[in-house]
Amino acid sequence: MFIVGLTGGIATGKSTVSEVFKEHVVEPGKRAWHKIKKEFGEDVFTKDGHLNREALGELIFQDVEKRRKLNEITHPEISREMFWAAVRCIFQGHQFIVMDLPLLFESGSMLEYIHKIIVVTCEEDLQLQRLMDRNSMSESRAKQRISAQMSLESKCEKGHFVVENSGTVEDTRQQVLKIISVLQSYNTHWKMRAIVGLCCTGIVSLLIWLGTKLVQWQQLSITRRLMQLEISAVFCASPSFVGEVYYLATIALDGVYEGSAILQRLE
């Protein structure tokens, strides 16, 4: 399995997958939720404790340092959630997964894990109009939001595939279907499965070997303990055992001496 990164500018028509991840990460009580509350205060939260995205957006897009702070809080948590999602997909046998990463190039935290990158773009005036309509904001604020991100042209240059989303929904759909066809033709997922399979086999073999050695060691320890108990039982049952052995050994030695003396006289 390999990972495909889906990115693009704000209001260019990307999937809502990244929003789902963000909503999960900043749910009330989550680690990132506590960090945001500590950093930005109560003003960016609603009365019921949920994150007020509009208020937070207004705050961070006017202040570069605050935007950087927010990214430092949310990006590690989002990456962690995506990692475990990818692990689940691996064991489910998927050929590839697509992750919606709006700030893929800006953050750079996921680039080393991405095999292919899809950039969604559109005409600049259309992007501006979409953002103004979607968020009900003025032209100046919309331009501020757009300028806070890397330019669409720069993103397109860094991507492997580009989806031009200025036309109809069907036009966009046909472009995506072609990209999916190309991705399905790659054999990278078999290599990844082979690597994962070998790693799993090695780990299982190691565990079996360690288990066998542990059982053998336990059996040896039990045998030694039983032998010690048997010897102790012999001494406890016959306290004069050592004396008897010494007495018999003395008689044997005396017999040897007497035999030697008789042989000397015969000579």
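**Figure 1. Glu42 and Lys37 form a salt bridge in this predicted model.** In this close-up, the closest N and O atoms of Glu42 and Lys37 are 3.5 Å apart. How exposed is each partner, Glu42 and Lys37? Glu42 is exposed because its relative accessible area is 52%, and the cut-off for that word is over 50%. Lys37 has a relative accessible area of 28%, so Lys37 is described as partly exposed. A search of the whole structure finds six salt bridges, and the next two views show others from the model.

**Figure 2. Arg68 and Glu65 pair up within helix α4.** Here a salt bridge joins Arg68 to Glu65, with 2.3 Å between the closest N and O atoms. Where do Arg68 and Glu65 sit relative to one another? Both belong to helix α4, which covers residues 64-91, and they are three residues apart, or about one turn of the helix. Arg68 counts as partly exposed because its relative accessibility is 35%. Glu65, at 41% relative accessibility, is also partly exposed. Look for Glu72 in this view too: Glu65, Arg68 and Glu72 are linked in a network of salt bridges.

**Figure 3. A salt bridge between Glu106 and Lys155 links distant parts of the chain.** The side chains of these two residues meet with an N to O distance of 3.2 Å. Glu106 belongs to helix α5 (residues 104-107), while Lys155 belongs to helix α8 (residues 152-158), and the two residues are 49 residues apart. Is Lys155 buried or exposed? Lys155 counts as buried, because its relative accessibility is 0% and buried means under 20%. Glu106, on the other side of the pair, has 31% relative accessibility and so counts as partly exposed.

**Figure 4. Helices α6 and α7 cross roughly perpendicular to each other.** Two packed helices are described by the angle between their axes and the distance between the axes. The axes of helix α6 (residues 124-135) and helix α7 (residues 139-147) come within 9 Å, crossing at roughly 115°. Angles of 65 to 115 degrees count as roughly perpendicular, and that is why α6 and α7 are given this description. Their crossing is right-handed. Which residues of the two helices meet? On the α6 side they are Gln127, Leu128, Leu131, Met132 and Asn135, and on the α7 side Glu139, Ala142, Lys143, Arg145 and Ile146. Sorted by class, this contact has five nonpolar, two polar and three charged residues.

**Figure 5. Helices α2 and α4 run roughly antiparallel.** The axes of helix α2 (residues 31-40) and α4 cross at roughly 175° and come within 10 Å. Angles over 145 degrees count as roughly antiparallel, so α2 is roughly antiparallel to α4. From α2, the residues Arg31, Ala32, Lys35, Ile36, Glu39 and Phe40 take part in the contact. They meet Lys66, Lys69, Leu70, Ile73, Thr74, Glu77 and Arg80 from α4. By class, the contact of α2 with α4 divides into five nonpolar residues, one polar and seven charged.

**Figure 6. Stepping back, the protein has eleven helices and four strands.** How much of the protein is made up of buried residues? Buried residues make up 29% of its 267 residues. Of the contacts with a separation of 6 or more, 70% are between residues 24 or more positions apart.

Key. Residues are numbered from 1 along each chain as its sequence is written. This is a predicted model: local features need pLDDT of at least 70, side-chain atom pairs count only at pLDDT 80 or more; totals for chains, interfaces and linings use all residues. Side-chain values use heavy atoms; hydrogens and water are left out. A salt bridge is a side-chain nitrogen of Lys or Arg within 4 Å of a carboxyl oxygen of Asp or Glu. Buried means under 20% relative accessible area, exposed over 50%, partly exposed in between (1.4 Å probe, protein chains only). Axes are lines fitted to C-alpha atoms, for helices over the stretch in contact, and angles run from 0 to 180 degrees between N-to-C directions. Angles under 35 degrees count as roughly parallel, over 145 as roughly antiparallel, 65 to 115 as roughly perpendicular and the rest as oblique. A crossing is left-handed if the near helix is turned anticlockwise from the far one by less than a right angle, and right-handed if clockwise. Contact means heavy atoms within 4.5 Å. Ala, Val, Leu, Ile, Met, Phe, Trp, Tyr, Cys and Pro count as nonpolar, Asp, Glu, Lys and Arg as charged, and the others, Gly among them, as polar.
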